[in-house]
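Ready for a few exercises with a structure open in your viewer? Try each task yourself before you read the worked solution below it.

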Amino acid sequence: MWFVDNVSMRIVDAFRVLNLLPTKLVSLTMRFLKASFFALVALLSTPILSQFEHIPLTDPTTGIVFQSWKPSEHVTFGLALPRDALSVDAGEFIGYLSCTSSKWCGISLGGGMLSSLLLLAYPSGSQVLTSFRWATDYTLPVVYTGDAKLTQISSKVNSTAEDDYEIIFRCKNCLKWVQKGEEGTAGAVSTREGFLVLGWVRGLQEVGYEGERKCADEVLVGQHEKQGIFGAELDGGVVKEGKWEEWVGLDEGREVKGDCGEIKICRKRYEGRD
Ligand code: HEM
């Protein structure tokens, strides 16, 4: 990815120097160059091509139909989008994330680790906890401060193999991101382009916490052992035939972040009134 980013950047810079590229188009051009790179790789290599194509996946409990990709034997990521997502850029989606043999796993909605919205997920008892993160270097990502919101529609942790888990979730404001307080780090995914560049990771070491409570926004992870970037081509037919309104209706607004101190906040308010 470093290579793709750098080559794309050089081409964009060359156009900029020649004054051929308005600033507004820079990120669009970067995405186009990246997508072209992946498309080229796909053309040259049939096994990689199959990674781009979605695998239809219907959740047996909710009936939600996802386009899914399996970039690794142990990670499956699926998307259901608003019906007009190929003509109007979608701001949200219903996601499916299944990870096996992983203490934690994650998705980058922009492909790379840096300056993209990152979603970290891991099992905690019978729940799957999630946290949005942000990285400006290759160290532990901080909590994302933008307005993305994840609510779980369902989750499963395998009772005999707790490193196998999955979630179905609604992800609002997840296709555009800006880390508040940091300039020049905004980014977006255009569903209209019909092609997303996404990233995945798997951590094989147990997660940790600094204190007693198990809060996903405070969880500490080490460097993932496995990671990669994949292209996800959207199938317009599947998107148009989706039952988006019915499926988002299944969302009851359940945020599952573990013990993040709600009780403490209530107590503070109560003490404040006294
Ligand atoms: C302590 C925590 C972390 C460290 C030290 C770390 C470090 C790194 C390093 C060194 C790479 C480059 C690997 C290579 O090119 O061979 C990388 C790539 C990557 N990381 Fe992380 N990472 C951490 C956490 C995360 C998390 C939480 C996510 C997502 C939820 C993530 C997503 C990615 C992705 C998608 C890549 C591949 C794309 C790229 O190279 O930018 N990382 N990480």
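**Exercise 1. Decide whether Ala 80 is buried or exposed, and place it in the fold.**

Solution. Ala 80 has 26 C-beta neighbours inside 10 Å, so it counts as buried. The cut-off behind this step is 20 or more other C-beta atoms within that radius. Please keep in mind that you are working with a predicted model.

Next, find the element: Ala 80 lies in strand 3. Then list its partners, setting aside neighbours within four places in sequence. Ala 80 is in contact with Ile 64, Val 65, Phe 66, Phe 93, Ile 94, Gly 242 and Trp 247. Val 65 is 15 residues away along the chain, yet the C-alpha atoms of Val 65 and Ala 80 are separated by 6.6 Å.

Finally, look at the nonpolar core. The largest one has 57 residues, and Ala 80 is among those with the most contacts inside it, together with Phe 77, Phe 93, Ala 121 and Leu 198. Strand 13 gives the largest share of this core, six residues. As a general background, nonpolar side chains in soluble globular proteins tend to be buried together.

**Exercise 2. Work out the strand order of the sheet that contains strand 3, and find its edges.**

Solution. Start with one pair. Strand 3 (residues 75–80) and strand 4 (residues 92–99) are antiparallel partners, joined over six bridges. To fix the register, use Val 75, which stands opposite Cys 99 in strand 4.

Now extend to the whole sheet. Its six strands follow the order 1-2-3-4-10-9, the pairing is antiparallel, and the sheet is open. The edges are strand 1 (55–58) and strand 9 (149–157), each of which pairs on one side only. On average, neighbouring strands here are turned by 25° against each other, direction ignored.

**Exercise 3. Which strands stand at the edges of the sheet with the order 8-7-6-5-13-14, and what does that leave open?**

Solution. This is also an open sheet of six strands with antiparallel pairing. Read the ends of the order: strand 8 (142–143) and strand 14 each have a single partner strand, so one side of each has no neighbour in the sheet.

Now walk through the pairs:

- Strand 6 and strand 7 (residues 127–134) run antiparallel and are joined by seven bridges; Leu 118 stands opposite Arg 133 in strand 7.
- Strand 5 and strand 6 pair in the antiparallel sense over four bridges, and Gly 106 has Leu 120 of strand 6 as its bridge partner.
- Strand 13 and strand 14 are antiparallel over eight bridges; Phe 195 is matched with Glu 233 in strand 14.

Strand 6 deserves a second look. Six of its seven residues are buried. For the packing around Ala 121, again leave out residues up to four places away in sequence: Ala 121 touches Leu 97, Cys 99, Trp 104, Cys 105, Gly 106, Val 128, Thr 130 and Ile 167.

**Exercise 4. Describe the shell around the ligand: how many residues surround it, and which strands supply them?**

Solution. Count first: 22 residues surround the ligand, and the closest are Gly 106, Gly 112, Met 113, Gly 199 and Gln 223. Sort them by character next, which gives twelve nonpolar, nine polar and one charged.

Then assign elements. Strand 5 (104–108), strand 6 (118–124), strand 13 (195–203) and strand 14 (226–233) each supply at least two residues of the shell. The largest share, three residues, comes from strand 6. These four strands can be found in the order 8-7-6-5-13-14 from the previous exercise.

**Exercise 5. Where do Ser 115, Asn 173 and Gly 125 sit, and what is the sign of phi at each?**

Solution. Take them one at a time.

1. Ser 115 is not a glycine, but has a positive phi of about 50°. Its place is in the loop between strand 5 and strand 6. With 19 other C-beta atoms within 10 Å, Ser 115 is partly exposed.
2. Asn 173, also not a glycine, has a positive phi of about 55°. It lies in the loop between strand 10 (165–172) and strand 11 (176–177). Its 15 C-beta neighbours inside 10 Å make Asn 173 partly exposed.
3. Gly 125 belongs to the hairpin of strand 6 and strand 7, which has two residues between the strands, and takes a positive phi near 65°.

Methods: Residues numbered from 1 in each chain as written. Predicted model: local features only at pLDDT ≥ 70, side-chain atom pairs only at ≥ 80, totals over all residues. Near = placed C-beta within 6 Å. Nonpolar A, V, L, I, M, F, W, Y, C, P; charged D, E, K, R; others polar. Pairing = 2+ DSSP bridges. Axes fitted to C-alpha atoms, helices over the stretch in contact; angles between N-to-C directions. Core = buried A, V, L, I, M, F, W, Y, C linked by C-beta atoms within 7 Å. Buried ≥ 20, exposed ≤ 12 C-beta atoms within 10 Å, placed from the backbone. Contact = placed C-beta atoms within 7 Å.
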